[in-house]
Amino acid sequence: MHPVTRFSFPTTIIYGPGAIRDIKTYLAELAAERPLIVTDSGFAGIPIYTAFLKILKDSGITWAEYNAVQPNPYDTDIQQAAEVFRNEGCDSIIGIGGGSAMDAAKAAAVLAGQGGRIEEYDVQKGGGDRITEALPPIIAVPTTAGTGSEVGKCAVVTSTAEKRKFMVCHSDMLPSRAVLDPELTISLPPAITAATGMDALTHSIESLASPVFHPLCDAIAIKGIQLVSENLEKAVKNPEDLDARGYMMISASMGAIAFQKDLGACHSLSHALSAVCSIPHGLANAVCLVPVMRFNLDAAAEVYAQTAAALGENVYGMSDSQAAELAVERIIQLNTAIGIPSSLRELQVREDKFSQIAATAYKDICHQTNPKPCTEDDFLYLLKKAWEGYTE
């Protein structure tokens with residue numbers, strides 16, 4: 001029997017086309033009047049963001065902004081956003097955009113409530129125990145369908161000094177409201193839709209394969225895999241398909257709920273590739289997922305057999321090993337169908353960076369719950385396989 005274990009995923013989710021138009025209601029429910037809007041410079045320059053600000057203005061809401069979050073948010077972004085929060089007398093935070101903006105919003109809430117510097121709250125250094133003060137309420141508004149940061153209690157931050165990613169995690173960092181409005185994702189370019197969608201899929205697959213005991217998360221992960229399999233290609237090829245867009249947003253949230261269990265080696269590689277080579281997180285996950293699954297086959301055949309079934313494959317009469325191989329092939333087919341590059345070589349990752357990437361990946365916490373242990377040499381092997389690609 002497993003030891004006593006606690007389960008939870010408490011974020012209130014508001015889902016549906018046009019849900020963002022009631023933002024004043026969500027703020028009022030949290031007794032918040034002056035939010036800090038946190039987003040990235042790329043999103044701040046597009047019509048959707050302008051329309052969002054108009055909703056705030058028409059609703060009589062006053063706000064402050066920090067709109068310079070980097071694609072992989074730096075510790076300096078968090079410090080600057082927290083300074084704006086304090087200087088402008090804000091009482092809440094709205095993170096709108098992709099995972100970087102929402103992670104930055106959650107990390108900024110830590111500094112707004114606690115003070116100090118964000119690296120002090122690195123979870124690998126016991127930082128979560130240092131979060132003892134009340135944090136301002138957070139509303140998360142995703143405009144991609146991938147990270148699931150809107151329902152997560154962690155933020156991934158890049159250290160400018162150490163050139164590595166670290167995580168800040170605490171239950172009070174869970175957004176009080178997550179607003180899933182598929183209309184906000186319609187203008188997302190196909191390549192970003194594809195990469196972020198594969199990020200959501202990787203979350204569900206890696207959490208399902210994690211040996212941590214959490215049957216509720218296992219069930220959510222299986223459904224999340226199914227939703228991606230049924231809707232990602234539709235969303236990439238028909239961007240105005242609101243049903244597909246909506247189900248992808250739900251699958252992203254489900255993947256993030258599921259990875260309460262933790263993740264695996266693919267995420268350690270992805271975090272390292274982002275920190276060292278500035279490869280977007282979802283794209284790195286998409287390219288590395290196949291070699292990592294192949295590496296794990298002997299230890300995770302039963303779980304990958306379940307994955308194959310969730311991906312829509314007929315596994316009747318197959319052994320777990322046969323079905324697991326089919327899951328990997330289905331991932332390759334999906335990547336190809338939505339235009340994901342087949343190798344790190346296509347992403348211009350240089351081989352002379354492998355040692356640095358492998359060392360950084362080994363220091364990352366995610367692989368500690370991989371189905372099989374990973375050494376630094378294993379990460380070098382996985383990088384070589386990901387660089388060669390699965391078409392060779």
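In this predicted model, Lys163 has a relative accessibility of 46% and therefore counts as partly exposed. Lys163 sits in the loop that joins strand S6 (154–159) to strand S7 (164–169). Although Lys163 is not a glycine, its phi is positive, at about 55°.

A positive phi also appears at Ser278, again a residue other than glycine, with a value near 60°. Ser278 belongs to the loop between helix H9 (265–277) and H10. Its relative accessible area is 52%, so Ser278 is exposed, the cut-off being over 50%.

## Loop residues

Several further loop residues can be described by their place and their accessibility. The table lists the relative accessible area and the resulting class for four of them.

| Residue | Relative accessible area | Class |
|---|---|---|
| Asn72 | 13% | buried |
| Pro71 | 64% | exposed |
| Gln124 | 34% | partly exposed |
| Asn370 | 5% | buried |

Pro71 is found in the loop between S3 and H4. Asn72 is in the loop between strand S3 (64–69) and helix H4 (75–87). Pro71 is exposed, whereas Asn72 is buried. The C-alpha atom of Pro71 is 10 Å from that of Thr158, a residue 87 positions away along the chain. Asn72 is in contact with Thr158, and beyond its neighbours within four places in sequence it also touches Ser100, Lys165, Ser274 and Ile279.

Gln124 lies in the loop that runs from helix H5 (99–114) to strand S5 (138–142). Outside its neighbours within four places in sequence, the contacts of Gln124 are Arg164, Lys363, Asp364 and Ile365. Between the C-alpha atoms of Gln124 and Val168 there are 8.6 Å, with 44 residues separating the two along the chain.

Asn370 is part of the loop between helix H12 (354–363) and H13. Which residues does Asn370 contact, leaving aside its neighbours within four places in sequence? They are Glu206, Pro211, Leu263, Gly264, Ala265, Val292, Phe295 and Asn296. For one of these contacts, Ala265, the C-alpha atom is 5.7 Å from that of Asn370, and the two residues are 105 residues apart along the chain.

## Nonpolar cores

In soluble globular proteins, nonpolar side chains tend to be buried together. The largest nonpolar core of this model holds 76 residues. Within this core, the residues with the most contacts are Met198, Leu201, Leu273, Tyr304, Ile331 and Leu344. Helix H10 (residues 281–310) supplies the largest share of the core, 17 residues. Met198 illustrates how distant parts of the sequence come together: apart from its neighbours within four places in sequence, Met198 contacts Leu232, Ala286, Leu289, Ile331, Leu334, Asn335, Ile338 and Ile340. Another core lies apart from the largest one and has 28 residues, including Ile78, Ala81, Phe85 and Tyr121.

## Two helix pairs

Two packed helices are described by the angle between their axes and the distance between the axes.

At what angle do H10 and helix H13 (residues 376–388) pack? The angle is about 125°, and the axes are 9 Å apart. That angle is why H10 is oblique to H13. H10 crosses H13 in a right-handed sense. On the H10 side the contact involves Val287, Cys288, Pro291, Val292 and Phe295, and on the H13 side Asp378, Tyr381, Leu382, Lys385 and Ala386. Sorted by class, this contact of H10 with H13 has eight nonpolar residues, two charged and no polar ones. Two of the H10 residues named here, Val292 and Phe295, are also contacts of Asn370.

The second pair is helix H7 (residues 215–237) with helix H8 (residues 242–258), whose axes come within 8 Å and cross at roughly 150°. H7 and H8 are therefore roughly antiparallel to each other. Their crossing is left-handed. H7 contributes residues including Cys217, Ile220, Leu227, Val228, Asn231 and Leu232 to the contact, and H8 contributes residues including Asp243, Arg245, Tyr247, Met248, Ile250 and Met254. By class, the contact of H7 with H8 comprises 14 nonpolar, three polar and four charged residues. Leu232 of H7 is also one of the contacts of Met198.

Terms used:
Residues numbered from 1 in each chain as written. Predicted model: local features only at pLDDT ≥ 70, side-chain atom pairs only at ≥ 80, totals over all residues. Heavy atoms only, no water. Core = buried A, V, L, I, M, F, W, Y, C linked by side-chain atoms within 4.5 Å. Buried < 20%, exposed > 50% of the residue type's maximum accessible area, 1.4 Å probe, protein only. Helix = DSSP H or I, 4+ residues; strand = E, 2+ residues; numbered from the N terminus. Contact = heavy atoms within 4.5 Å. Axes fitted to C-alpha atoms, helices over the stretch in contact; angles between N-to-C directions. Parallel < 35°, antiparallel > 145°, perpendicular 65-115°, else oblique. Left-handed = near helix turned anticlockwise from the far one by under 90°. Nonpolar A, V, L, I, M, F, W, Y, C, P; charged D, E, K, R; others polar.
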